[in-house]
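Please open the structure in a viewer and keep the sequence beside it. The tour below proceeds by selection, one stop after another.

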Amino acid sequence: MNLPRIVIALAATPLLASAAFAHVTLENREATAGRSYKAVLTVPHGCGSSPTTGIRVTIPEGVFSVKPQPKPGWQLATVSGAYARGYQSHGRELREGVKEIAWTGGSLPDDHYDEFVFVAQVDASLAGAGQVHFPVVQTCASGEARWDEVREADSTARLERPAPALRILAASGERPAQGAGHGAAASVTKGDIVVAQPWSRATPGGARVAGGYLTVTNRGAQPDRLTGGSAEFAERVEVHEMATVNGVMTMRGLGSGLEIPPGQTVELKPGGYHLMFVGLRRQLTEGQTVKVTLTFERAGTVELNFRIGSIGGRAAPGGGDHSHH
Ligand SMILES: [Cu+2]
C-alpha cells in the first residue's frame with residue numbers, strides 16, 4: 001500500500017534520498033499549543049541491513065489523549081500512566097493516558113520505508129516549551145536503534161541518534177505565558193547588582209520543589225555572592241548547581257553561595273545554576289507572578305517578581321530569545 005509513494009519520493013529526490021531518509025523523524029515537525037496533532041513517524045531503514053520488527057515511542061508530558069493508528073501486520077500495544085498534571089479535554093480533566101505506543105511483530109525490510117501514526121492533543125501550557133521530544137526505540141530482527149538523544153539548549157553538538165522533535169508554536173493571537181505583561185519589571189537594580197528576567201515554571205500538584213532562573217550582573221569592582229533568599233510560597237530558597245557526576249546529571253546546593261565576579265553576568269538557567277524553592281507551600285501556576293527576596297552578601301536583599309512559565313519550559317516566559325545588552 002505504501003509502495004507507490006516510495007517510488008515517487010525516491011524518484012523526486014534521488015540525490016537526497018540517503019541523507020534525508022537517514023533518521024526516524026516526525027513528518028510534520030511543528031504543532032500548535034492547545035490543538036490536536038497528527039504525528040507521522042517515518043521509518044526509512046532498518047538497523048544496519050536488518051529489517052525493522054518493532055517501533056516503540058514515548059510520549060512527552062503535555063501531549064495527551066493519544067490515539068495510535070493500528071497497522072495491518074503489526075500488533076499494537078500501549079502503556080498508560082499518570083500525567084504530571086491534569087489536562088482539559090472536552091470539559092473534563094484527564095489525569096492519565098497513553099505514555100508509550102509499541103507496534104511490534106511486523107517486518108519492514110531495510111530497503112523499504114513505512115509510517116507509524118498517532119493523533120494527540122498538545123496542551124496549551126506547552127506554548128512556551130520550545131520543543132518536545134518523542135524518543136523512539138527501533139527494534140530489528142538483529143539489533144536495535146535508540147532514537148533518544150536530546151540536544152541541550154545551548155549545545156551545537158551533532159547528534160548521532162536524535163529523538164524525533166516537535167516544535168511547539170503558540171496559537172496565533174496568543175503569547176505564551178504572558179504573566180503580568182509589561183507590568184513585571186524586566187530588571188531590578190540594587191547597589192552594583194542588576195537582576196534581570198526572573199522566572200520559574202508551573203509545578204504539577206504535589207510538587208515539593210521548583211527551580212528559579214534569572215541573570216545577575218555585577219556592575220561593581222568587588223565580587224559579590226548570591227547566598228539564597230526567601231519567598232512566602234516556599235520554606236527555603238537555595239542556590240543550586242547542576243553537575244555531571246559519573247555521567248549522571250545531579251544537582252547540589254552551593255553552601256557558600258554563587259559568586260558574581262565584578263563586571264560579569266551570571267546566568268541561572270535550566271540545566272545550570274538555579275535557585276531552588278524548597279518545601280513549596282502551594283502550586284505555582286502558569287501566568288502567575290510570585291514575589292521572591294534574594295540575598296546578596298554585599299548588595300543586601302533584592303525583591304523580585306518571578307513570572308511563572310509553563311511546566312517544562314526552557315526559557316523565560318513571554319520573551320523567547322533575549323539578547324545580552
Ligand atoms: Cu536544584
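The stops that follow go from the whole chain to single residues.

**The whole chain.** Begin by displaying everything, bearing in mind that this is a predicted model. Colour the chain by secondary structure: two helices and 23 strands are assigned. The chain has 325 residues, of which 34% count as buried. Contacts between residues at least 6 apart in sequence may be shown next; 71% of these join residues at least 24 apart.

**The largest nonpolar core.** Select Leu41, Val136 and Ile168. Among the 34 residues of the largest nonpolar core, these three touch the most other members. Which strands each supply at least two residues of this core? They are β3 (36-43), β4 (52-58), β5 (63-68), β6 (75-89), β7 (92-108), β8 (114-122), β11 (144-147) and β12 (165-169). Strand β8 provides the largest share, namely four residues.

**Around Ile168.** Keep Ile168 selected and display its contacts, leaving aside neighbours within four places in sequence. Its partners then include Ala31, Ala33, Val122 and Leu126. Also in contact with Ile168 are Ala127, Ala129, Gly130, Gln131 and Val132.

**Another core.** Now select Ile260, Phe296, Leu304 and Ala315. These residues are among the 33 that form another core, apart from the one just visited.

**An open sheet.** Select β1, β3, β8 and β5, which is the order of the four strands in an open sheet with antiparallel pairing. Which strands stand at the edges of this sheet? They are β1 (25-26) and β5; each has a single partner strand, so one side of each is left without a neighbour in the sheet. Strands of a sheet pair through backbone hydrogen bonds, either parallel or antiparallel. Narrow the selection to β5 and β8, two strands that run antiparallel and are joined by four bridges. Within this selection, locate Phe64, which stands opposite Gln121 in β8.

**Val194.** For the last stop, select strand β14 (residues 193-201), where Val194 is placed. Is Val194 buried or partly exposed? Val194 is partly exposed, because 17 other C-beta atoms lie within 10 Å, whereas a buried residue would need 20 or more. Add Asn218 to the selection: it lies 24 residues from Val194 along the chain, and the C-alpha atoms of the two are separated by 6.6 Å. Finally, display the contacts of Val194 beyond its neighbours within four places in sequence; these are with Ser187, Thr189, Thr217 and Arg219.

Terms used: Residues are numbered from 1 along each chain as its sequence is written. This is a predicted model: local features need pLDDT of at least 70, side-chain atom pairs count only at pLDDT 80 or more; totals for chains, interfaces and linings use all residues. A residue is buried if 20 or more other C-beta atoms lie within 10 Å of its own, exposed if 12 or fewer, and partly exposed in between; C-beta atoms are placed from the backbone. Two residues are in contact if their C-beta atoms, placed from the backbone, lie within 7 Å. A nonpolar core is a set of buried Ala, Val, Leu, Ile, Met, Phe, Trp, Tyr and Cys residues joined through C-beta atoms within 7 Å. Two strands pair if DSSP finds at least two bridges between them.
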